[in-house]
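This report goes through one protein chain, from a single residue outward to the sheet and then to an annotated site. Please keep the sequence and the model at hand while reading.

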Amino acid sequence: MSARKKTLSGYKACRHCKYVVPEDAKQCPNCGSEEFTYKWRGMIAVLDPAKSCIAKRLGIDKPGVYALELVEE
Ligand SMILES: [Zn+2]
């Protein structure tokens with residue numbers, strides 16, 4: 001697993017579950033939220049949440065790409 005420090009342009013993160021989606025996405029495919037933020041740091045690709053200790057720590061239970069941290073304004 002690798003984490004990036006810089007914000008990735010072109011992508012935004014769900015405010016509720018931190019799922020990372022392309023910036024033109026209207027709705028989070030993970031939790032259905034329509035609230036996103038462009039201010040997020042780091043990303044993690046979770047392939048098998050049941051076997052990932054990082055996923056457990058972040059409360060992730062579905063496979064996907066997630067932001068490690070949302071940056072509050
Ligand atoms: Zn979400």
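Which residues does E23 touch, not counting residues up to four places away in sequence? E23 touches G10, Y11 and K12; two residues are in contact if their C-beta atoms, placed from the backbone, lie within 7 Å.

This is a predicted model, in which local features need pLDDT of at least 70, side-chain atom pairs count only at pLDDT 80 or more, and totals for chains, interfaces and linings use all residues. Residues are numbered from 1 along each chain as its sequence is written.

The protein chain has one helix and five strands, in the sequence pattern β-β-β-β-α-β. Helices (H or I, at least four residues) and strands (E, at least two) are DSSP runs, numbered from the N terminus. Of the 73 residues in the protein chain, 23% are buried. A residue is buried if 20 or more other C-beta atoms lie within 10 Å of its own, exposed if 12 or fewer, and partly exposed in between, with C-beta atoms placed from the backbone. Among contacts with a separation of 6 or more, 46% are between residues 24 or more positions apart.

An open sheet is formed by three strands in the order β2-β1-β3, with antiparallel pairing. Because β2 and β3 stand at the edges with a single partner strand each, one side of each is left without a neighbour in the sheet. Two strands pair if DSSP finds at least two bridges between them. Strand β1 (residues 11–14) is joined to β3 by two bridges, and A13 has T37 as its bridge partner in β3. T37 is also 9.5 Å from E23, C-alpha to C-alpha, at 14 residues apart in sequence.

The loop between β2 (20–22) and β3 (36–37) holds E23, and the loop between β2 and β3 is also the place of C28 and of C31. Their surroundings compare as follows.

| Residue | Other C-beta atoms within 10 Å | Class |
|---|---|---|
| E23 | 10 atoms | exposed |
| C28 | 22 atoms | buried |
| C31 | 14 atoms | partly exposed |

The UniProt annotation "binding site", from an unreviewed entry, covers C14, C17, C28 and C31. These residues are spread over 18 residues of sequence but cluster in space, with a largest C-alpha distance of 8.7 Å. UniProt positions are given in the numbering used here, feature names are shortened, and annotations may be inferred rather than shown by experiment.

Not counting residues up to four places away in sequence, C28 touches C14, H16, C17, Y19, V21 and S33. On the same basis, C31 touches C14, H16, C17 and Y19.
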